[in-house]
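Reader: Before I rely on the labels attached to this model, could you take me through what stands behind them?

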Amino acid sequence: PGWKESNFQVNQRAFQLIEWMATESSLDFNTGAAALCAQTLVDKLGDIKLKGPASAALVAIAQRYTLRFVVGLVIEPIRSQKSPKVLADCLSWLDTQMLEFGTKGLALRPVVEMVKEVGLQSSNAQTRTKAVSFMGTLRRAVGAVVMDLMGDLNPQLLQLIEAEFERVANQPMPEPIHTQGGLAGDGSGASGSGAGGAGAGQVAGGAGDDPMDELFPRQDLNALIDQSVYKKLNDNNWKERKAGLDAIQAALDGANHRILPNISADLYTALKHRLQDPNKNLITVALGLLAALSTDSGGAQVPNIRIVALATMHCLADKKPQLRNAALAAMVAWSQASSLCVDQAILPAIPNALTDISPELRSSLLQWTADTLGPRDTSGARLPDLSLLISPLFTCLQDRNSEVRKQANRVLKLTVVSCGFETVHDACSMQLQGAAKAAVAPMIEEFRHAVGGDAGNTGRRPGGGTPSNKARPGGPAHALERVASPS
């Protein structure tokens with residue numbers, strides 16, 4: 001019938017046919033065919049009788065390829081709309097698709113620029129309202145940093161956007177309800193065949209990327225911090241040291257808190273020295289930066305965290321809650337960024353830290369350990385080797401402080417699961433005597449069946465298996481040799 005058909009029933013059937021072709025994987029519905037349909041489908045998103053079929057056809061194309069591909073097709077047709085009503089409906093459609101598909105792989109910058117140009121700066125109130133709502137959804141997807149993209153909008157409009165951002169601040173994005181055949185990692189969607197399959201591969205380029213990488217590309221922090229900062233960090237004048245810390249914070253702020261994970265070990269070494277600063281306010285600032293480096297880079301490099309792990313733990317002995325909380329926040333940031341960092345950088349430093357008799361340090365560190373490893377145990381994931389914690393735990397289980405004993409008991413269960421009941425029980429028999437053994441042995445006995453099985457004498461294995469302790473080199477049987485005498 002052609003794209004200029006005026007009969008809505010004919011158009012409705014035509015759009016349904018497009019939807020069917022996009023859905024049917026055996027048909028050669030390639031990207032060129034999809035592009036031919038885009039303008040007309042967008043034009044009808046504002047038609048009360050045809051918006052449903054038009055939207056369904058576009059959604060089917062997005063499912064066959066990606067939402068990124070479809071959005072790339074519809075941006076210019078939306079931008080060229082003259083009718084405020086059609087434009088408002090188009091913005092509402094975009095908003096809905098962001099919620100239903102998610103933002104993974106979506107090129108957000110051109111969408112944001114288009115919405116700012118034809119939506120937020122529109123003279124039509126309904127169009128502006130839809131644009132503000134879209135920005136609220138974007139805020140839910142990528143965070144408050146999106147406000148930096150608003151630029152030179154008038155104060156009244158900025159106030160509306162800020163109010164919308166505040167309204168949705170605690171609303172996470174829903175789980176996507178649509179699959180995308182051309183999106184890396186989403187194998188459940190149809191990818192098409194023939195030319196269609198080839199098109200899917202072409203439009204999926206960059207689809208697995210974090211959409212924030214396009215809005216705010218990650219920057220190299222090493223290039224943003226010059227050698228003068230390191231000199232200030234080691235200056236005898238506390239004001240100069242503070243200026244050095246402030247310079248690092250300014251660099252993170254300037255990068256929109258999005259930096260590459262290739263952070264220099266020299267920076268971690270410099271910050272480690274500040275964890276022993278005579279000015280405790282500077283210690284708190286340094287701990288905040290250590291947390292931010294992981295949060296802003298989206299990772300935690302094991303060699304770097306090894307540099308600062310023990311020094312950070314020693315901060316937990318401080319009497320000031322603010323400083324202890326800052327240290328815990330840094331450790332939480334590292335654990336959230338990388339479980340490998342927990343296993344290879346943080347846990348190995350804990351036995352040394354627990355030699356400090358401070359009840360604040362011991363209780364906080366043991367609680368962090370239980371809170372971090374507990375979810376792994378609950379989910380059935382394999383725990384790391386905790387044999388190095390056995391001897392320190394025996395000491396903490398006899399601590400005078402009740403909170404230390406409570407948290408040590410939580411970690412004891414995880415240690416039994418990791419190393420095996422017999423390993424921990426035998427270590428108790430060899431290391432402790434008299435009243436100490438009489439106090440600790442019953443606590444270990446409580447977790448005899450923590451792993452499952454008849455005796456609970458083996459650590460958890462990948463895939464749920466529980467081979468003999470002697471069958472695994474470096475496993476619980478070997479761990480016993482390492483803990484046979486107290487350190």
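**Helix H13 and a residue of H15**

Author: In H13, the residues Arg241, Gly244, Leu245, Ile248, Ala251 and Leu252 are buried, a word that stands for under 20% relative accessible area, with exposed meaning over 50% and partly exposed in between (1.4 Å probe, protein chains only). They cover an arc of only 110 degrees around the axis, taken from the directions from the helix axis to the C-beta atoms, and therefore lie on the same side of H13. On the other side of H13, Lys239 and Gly254 are exposed. This is a predicted model, in which local features need pLDDT of at least 70 and side-chain atom pairs count only at pLDDT 80 or more, while totals for chains, interfaces and linings use all residues. Residues are numbered from 1 along each chain as its sequence is written, and side-chain values use heavy atoms, with hydrogens and water left out.

Reader: How do you know that the span of helix H13 agrees with its 17 residues?

Author: The expected span is 1.5 Å times one less than the number of residues, so residues 238-254 should span 24 Å, and the end C-alpha atoms of H13 are indeed 24 Å apart.

Reader: Why is Ser297 counted as buried?

Author: Ser297, which is found in helix H15, has 8% relative accessibility and therefore counts as buried.

Reader: What does Ser297 touch, leaving out residues up to four places away in sequence?

Author: With contact meaning heavy atoms within 4.5 Å, Ser297 touches Arg218, Ile259, Leu260, Pro261, Ile263 and Ala292.

Key. Helices (H or I, at least four residues) and strands (E, at least two) are DSSP runs, numbered from the N terminus.
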